[in-house]
Amino acid sequence: MKQRKHVAFAPLSTKKSPDLSNKDEIVPSKLCLFSSLKRIFVACLAIRIVNALLIQTYFNPDEHWQSLEVAHHIVFGYGHLTWEWKKGIRSFLHPLLFASLYKVLALLGLDTPWFMMHSPRMLQSIFSAVGDLYLFRLSDVLFGSTVAKWTLFCQLANWFIFFCINRTLSNCLETVLTLVSLWYWPCMQVSSKKVPQDSRKWALALAALACAIRPTSAIIWLYVGFLELLSTHGRLRFIAVEVIPIGFLVLGLTCLLDRLMYGSWILVPLNFLKFNFLSSGGDYYGTHKWHWYFTQGFPVMLFTFTPFSIAGIIKSKNWKLFGLITWVLGLYSVLGHKEFRFVLPVLPVALIFSGFSLAAMEKSNSSRPGRNGSSSSRKWPLSLRFSVFFLLATNIPMALYMSLVHQRGTEDVMNYLSREAINEKVESIFFLMPCHATPYYSSLHQNLPMHFLDCSPREEEGILDESDRFMKDPAGFVSELAKNWSSPSHIVLFEPEEKKLRDFLTSHSFIQVRRFFHAHFKVDRDHQASVVVYASMIG
């Protein structure tokens with residue numbers, strides 16, 4: 001793949017953004033981390049691997065149930081496929097990445113509890129490092145080397161990126177593909193003559209792949225594609241010779257893959273569109289106010305980088321990138337069901353503006369004359385030093401707390417049960433907790449009978465699913481359930497429900513064997529302070 005030349009970017013404005021490229025700066029190549037792309041990638045990869053190992057908490061069910069659980073089912077022949085896979089609204093493309101990893105582990109005899117738990121995030125860390133590298137390259141193309149260095153700092157320091165980017169969510173891979181694809185798009189630059197001729201084809205292929213993994217990624221590429229359509233001269237050729245053939249090629253290959261895995265022809269993007277947009281099926285899992293992304297969601301993700309990003313937007317006057325962020329947040333705001341991870345792909349884009357703001361502080365100091373009439377020393381100005389300290393002091397504790405402490409009980413309990421199952425101390429497990437609250441077979445990695453409370457969307461409104469019925473009346477639900485169940489050897493539940501079911505558990509010969517810390521504070525339900533494991537004394 002050819003490397004293209006870096007060119008200056010002029011925003012859609014009558015005024016040019018400040019030159020922050022520091023082109024005259026000479027740094028010894030052997031001493032500078034940023035002297036080569038290879039050095040940058042290796043450094044990012046090392047950081048992301050450590051990052052992956054530090055993630056020991058539970059964030060979103062899809063991390064396990066829509067990727068690893070499916071991959072485990074493909075390779076080992078057992079694992080739960082949720083209702084989405086029965087209705088054909090998910091593509092097998094993303095889970096197959098982890099299925100390949102599991103296959104390699106199985107062939108090498110490394111499918112142990114530790115590797116099964118950590119290796120998928122280690123694989124994702126490689127993709128994440130690629131995303132970091134291309135974010136650096138993108139910001140370098142747009143604003144120059146100084147902004148690129150500070151943007152990479154922002155990317156590595158941001159708490160939510162640290163907390164989320166190495167998880168096995170499809171949104172994380174979508175984010176990486178978005179960053180790589182944005183670097184290839186000619187419309188991101190002023191002079192398309194300096195861009196390799198095949199650059200746009202790569203951009204389209206990567207964008208199509210992102211859409212194959214997550215159909216909602218089309219929201220991003222509608223905006224970028226419209227910009228490209230406005231800036232290109234051969235518009236008809238762009239659509240007829242590039243967009244349509246590349247789009248149909250990727251769609252066709254994905255359909256063939258899903259045909260092989262589903263056993264019948266399934267058009268996943270269409271089914272996904274019907275469920276999430278035409279029928280608002282996602283609303284079943286909760287809704288937020290239309291302004292949530294603007295007033296809560298995205299500011300929480302940016303955290304203390306928010307004022308720096310706002311300042312960078314104003315100073316850079318890069319309305320293309322700002323428009324992309326606004327467009328994505330605006331369209332996702334139309335949907336009732338909202339989650340942080342849905343807008344993850346534009347978080348690194350917003351951090352480019354934070355990088356611009358920090359670079360402007362550094363540039364303001366270097367442009368001041370020194371005592372001898374030359375440029376002043378390269379010592380950071382006080383404002384920049386304070387800003388860096390402030391960002392690190394606020395983001396590092398948040399990143400570590402969310403990755404190591406908050407909601408770790410459901411991961412710890414599966415580690416424990418996996419070890420107990422290997423030692424043949426577990427025969428069957430019942431999870432009396434909200435549906436998908438823990439990892440499943442992909443973490444246990446033992447083909448034992450397990451049951452959790454179902455929460456599949458109901459055809460008729462007003463009918464509560466198993467999970468909701470249990471949360472509404474734990475004692476009544478379990479008493480009814482026990483009339484027909486095959487008593488499990490282990491029961492797992494959260495502390496609030498455990499308190500309500502102690503008499504029931506004792507009367508049915510269960511004793512508490514382990515308790516795992518889970519969270520210090522309430523999230524969306526009662527305070528789930530700990531996860532409790534009960535074992536049957538019978539047998």
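A surface patch here is made of residues with over 30% relative accessible area and no salt bridge, where like charges are joined within 9 Å and nonpolar side chains (Val, Leu, Ile, Met, Phe, Trp, Tyr) within 5 Å. Accessible areas come from the Shrake-Rupley method with a 1.4 Å probe, and for residues only the protein chains shown count as cover. The structure is a predicted model, in which local features need pLDDT of at least 70 and side-chain atom pairs count only at pLDDT 80 or more, while totals for chains, interfaces and linings use all residues. Residues are numbered from 1 along each chain as its sequence is written, and side-chain values use heavy atoms, with hydrogens and water left out.

**The nonpolar patch**

A nonpolar patch of about 850 Å² lies on the surface. Its members are Ile 239, Val 243, Ile 244, Phe 248, Leu 251, Leu 267, Leu 270, Leu 273, Phe 277 and Leu 278. Helices and strands are DSSP runs numbered from the N terminus (helices: H or I, at least four residues; strands: E, at least two). Helix 11 (235–262) and helix 12 (268–278) each supply at least two residues of the patch. The most comes from helix 11, which gives five residues. Leu 273 belongs to helix 12. This leucine is partly exposed, with a relative accessible area of 38%. In these terms, buried means under 20% relative accessible area, exposed means over 50%, and partly exposed is in between (1.4 Å probe, protein chains only).

**Salt bridges**

A salt bridge is counted when a side-chain nitrogen of Lys or Arg is within 4 Å of a carboxyl oxygen of Asp or Glu. By this rule there are 18 salt bridges. Three of them are tabulated here.

| Salt bridge | Closest N to O distance |
|---|---|
| Glu 84 and Arg 90 | 4.0 Å |
| Arg 515 and Glu 495 | 3.3 Å |
| Glu 498 and Arg 515 | 3.3 Å |

Salt bridges that share partners join Asp 62, Glu 84, Arg 90, Glu 339 and Arg 341 into one network. Within that list, Glu 84 and Arg 90 are both buried.

Arg 515 forms salt bridges with Glu 495 and with Glu 498. Arg 515 is in strand 4 (residues 510–517) and Glu 495 is in helix 22 (residues 495–507), so this pair ties together parts that are 20 residues apart in sequence. Glu 498 is also placed in helix 22, so its pairing with Arg 515 of strand 4 ties together parts that are 17 residues apart in sequence. Arg 515 counts as partly exposed, at 31% relative accessibility. Glu 495 counts as buried at 18%, and Glu 498 counts as buried at 0%.

**Helix crossings**

Axes are lines fitted to C-alpha atoms, for helices over the stretch in contact, and angles run from 0 to 180 degrees between N-to-C directions. Angles under 35 degrees count as roughly parallel, over 145 as roughly antiparallel, 65 to 115 as roughly perpendicular and the rest as oblique. A crossing is left-handed if the near helix is turned anticlockwise from the far one by less than a right angle, and right-handed if clockwise.

Helix 4 (residues 93–108) and helix 5 (residues 113–143) have axes that come within 10 Å and cross at roughly 130°. Helix 4 is therefore oblique to helix 5. Their crossing is right-handed.

Helix 13 (residues 292–302) packs against helix 15 (residues 319–334) at an angle of about 110°, the axes being 10 Å apart. Helix 13 is therefore roughly perpendicular to helix 15. Here too, the crossing of helix 13 and helix 15 is right-handed.

**Backbone angles in two loops**

Most residues other than glycine have a negative phi. Glu 424 has a positive phi, near 60°. This residue is in the loop between helix 18 (409–422) and strand 1 (429–432). Glu 424 is exposed, with a relative accessible area of 72%.

Ser 509 is not a glycine but has a positive phi of about 65°. The loop that holds Ser 509 runs between helix 22 and strand 4. Ser 509 counts as partly exposed at 22% relative accessibility.

**A buried phenylalanine**

Phe 160 is found in helix 7 (residues 159–164). Its relative accessible area is 2%, and Phe 160 is buried. The C-alpha atoms of Phe 160 and Phe 303 are separated by 8.4 Å, with the two residues 143 apart along the chain.
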